Amino acid sequence: MWTLAGQGCWRRRALAAWATRAARRGLPGPRPAPTRGAAAESKTPDRSYSSADRKEKIDMSRFSVENTRNFSIIAHVDHGKSTLADRLLELTGAIDKTKNNKQVLDKLQVERERGITVKAQTASLFYDYEGKQYLLNLIDTPGHVDFSYEVSRSLSACQGVLLVVDANEGIQAQTVANFFLAFEAQLSVIPVINKIDLKNADPESVEKQIEKVFDIPSDECIKTGSNIDVLDETVEEIILSSISMSILGMYPIDQSEYNNLKSAIEKLTLNDSSVTVHRDSSLALGAGWRLGFLGLLHMEVFNQRLEQEYNASVILTTPTVPYKAVLSSAKLIKEYREKEITIINPAQFPDKSKVTEYLEPIVLGTIITPDEYTGKIMMLCQARRAVQKNMMYIDQNRIMLKYLFPLNEIVVDFYDSLKSLSSGYASFDYEDAGYQTAELVKMDILLNGNIVEELVTVVHKDKAYSAGKAICERLKDSLPRQLFEIAIQAALGSKIIARETVKAYRKNVLAKCYGGDITRKMKLLKRQAEGKKKLRKVGNVEVPKDAFIKVLKTQSDK
């Protein structure tokens, strides 16, 4: 990855040599470079740094995968890609803001002479957004059709693109070709209407073209001119939208296989950057990871590849989704370093007293089905807390339904239920629709009063009882009996909402009592009860791994 830090060293050496020669000849030396203060007076954003400051302060190793993204600028030839790249470099402080910054990334002489980009070039941008610093790797691509191979090569390494369209010329042939290259690569596309401050610019007409040709709403277009700032939108679209849709825990069946499984996961994630990996540990399951996937099928394919290519056997926890919480106090915001936090582990779900509201991810789902199954499917959607947005016939026999779904309602078994109700004829697709406020609660599972962190889950308040009862019943069927009674409870805070009991083994202490005084029998039974009560206090319930595997199966597999 090419950065501009090296130019600073070359420039300082050149200035030093110039000053030496000037002093020998009695001539005035070069003007000093602007200081950090001067840069501030020239309205450089506080969140950017000068190249010299960055060389001293930025440690590349501290940028995690979650805060690093690659994006590209694509467009028709001469629509302003290189100019946009120059302004982005200035806004982030990668280069000093001067009038001489023209085609900074075009290093070839022929590129500067002809004013076109021939070879894709890259630069690293450091950008602060909502209290976090992101590493954005920018790729500036050619626009001419003769060099389209450079575009396709660049897009294979990206998570999103800025699609630049000239406000004077509108959509051109290479604009369409580059868009479909990005579309086929399943990248986030951010349309940028450039040169809107020119005399003959018609941005409204270009917006309509983008909406008609690319089916991108006009309100998603970014309009830019001589003063631009598209990095906020780039971060939101490319980084923040990349929040994984499905998260689960993965543990080796045998802890001796931990290193082998770690190596296998690292190799698979090398060519699949959409998988997020966080180390995790469990008292019952040992060391493992929390993995984020784009969906349930993505997770199943990843797990299948582990088994087939690396002969790895793993334990998977029930998939969850990333929730958000808006913190309520300045002290908590200072502690977490942000007002809105993302929760990927249900055990770390904050208490209601610490937040103003909880947010859950939602998706816009599209269902196409024969009309004879419409009633059943609508009842299924309502049971999953979905809100109907549209319903229309697409031909004489088929109907299209659009619903807003909470993601956690469809991430596990919705597709299977839909296929079952429609005899396999219904199809389903969904797309990200952001977050919405929801009444979420953290449900704890307790064994004899002790919380089992591996079974903690986040549920909607209206579904807490049914979910808690189902887990307690499955746990009752899975736990081995002990010499003492085991109380299995589902709790919301201090309130118990469901309970099951695993009866204790019982020795017949009256077996040798053939007749005699009843008080003798009562004394033996009382002593036995006191012993079991004491054993229950000191005895620990260890949940075996095979019991976890049974409990963590979905309700549909019961």
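In the predicted model, Glu473 and Lys469 are 4 residues apart in helix H15 (residues 464–478), and the two are therefore separated by about one helical turn. An α-helix has 3.6 residues a turn, so residues three or four places apart point the same way. The two side chains form a salt bridge, in which the closest N and O atoms are 3.4 Å apart. Glu473 has a relative accessibility of 25% and counts as partly exposed. Lys469 is also partly exposed, its relative accessible area being 32%.

Lys469 forms a salt bridge with Glu500 as well, with 4.0 Å between the closest N and O atoms. Lys469 belongs to helix H15 and Glu500 to strand E21 (residues 495–502), so this pair ties together parts that are 31 residues apart in sequence. Glu500 has a relative accessibility of 15%; because buried means under 20%, Glu500 counts as buried.

The count of salt bridges comes to 11. Side chains of opposite charge can pair when their charged atoms come close. One of these pairs is made by Glu360 and Arg385, with an N to O distance of 3.1 Å. Glu360 is in strand E13 (residues 355–370), whereas Arg385 is in the loop between helix H13 (374–383) and strand E14 (387–393), so the pair ties together parts that are 25 residues apart in sequence. Glu360 and Arg385 are both buried. Salt bridges that share partners join Glu360, Arg385, Glu409 and Lys463 into one network.

Arg385 comes just after H13 and takes a positive phi of about 65°. Within H13, the residues Thr374, Ile377, Leu380 and Cys381 are buried. Seen down the axis of H13, the buried residues fall within an arc of 125°, so they line one face of the helix. The face turned away from this buried side carries Met379 and Gln382, which are exposed. The cover over the buried residues of H13 includes E13, E14, strand E15 (398–406) and helix H14 (414–421). E13 and E14 thus appear both in this cover and in the description of where the Glu360 and Arg385 pair lies.

Arg385 is also in contact with His460. Leaving aside neighbours within four places in sequence, the contacts of His460 are Arg385, Glu439, Leu440 and Val441. His460 is found in strand E19 (residues 457–460) and, at a relative accessibility of 11%, counts as buried. Leu440 of strand E17 is the bridge partner of His460 in E19.

Strand E17 (residues 440–447) has 7 of its 8 residues buried, so the strand is largely enclosed by the rest of the structure. In a regular strand the side chains alternate between the two faces of the sheet. E17 and E19 run antiparallel and are joined by 4 bridges. E17 is also joined to strand E20 (residues 486–492) by 5 bridges, and these strands run antiparallel. Here Leu446 has Gln489 in E20 as its bridge partner. E17 pairs with strand E18 (residues 450–451) too, in the antiparallel sense, over 2 bridges. In this pairing the bridge partner of Leu447 is Asn450 in E18. The hairpin of E17 and E18 has 2 residues between the strands, and Asn448 in this hairpin takes a positive phi near 50°.

Helix H11 (residues 296–310) can be examined in the manner used for H13. At 1.5 Å a residue, the 15 residues of H11 should span 21 Å, and the end C-alpha atoms are 21 Å apart, which agrees. The buried residues of H11 are Leu296, His298, Met299, Phe302, Asn303 and Leu306. These residues cover an arc of only 170° around the axis, which puts them on the same side of H11. Leu297 and Gln308, on the other side of H11, are exposed. What covers the buried residues of H11 includes strand E7 (246–252), helix H10 (258–270), strand E9 (286–293) and strand E10 (314–316). H11 is followed by Asn311, which has a positive phi near 55°.

Note on methods
Residues are numbered from 1 along each chain as its sequence is written. This is a predicted model: local features need pLDDT of at least 70, side-chain atom pairs count only at pLDDT 80 or more; totals for chains, interfaces and linings use all residues. Side-chain values use heavy atoms; hydrogens and water are left out. Buried means under 20% relative accessible area, exposed over 50%, partly exposed in between (1.4 Å probe, protein chains only). Contact means heavy atoms within 4.5 Å. Two strands pair if DSSP finds at least two bridges between them. The arc is that of the directions from the helix axis to the C-beta atoms. The expected span of a helix is 1.5 Å times one less than its number of residues.
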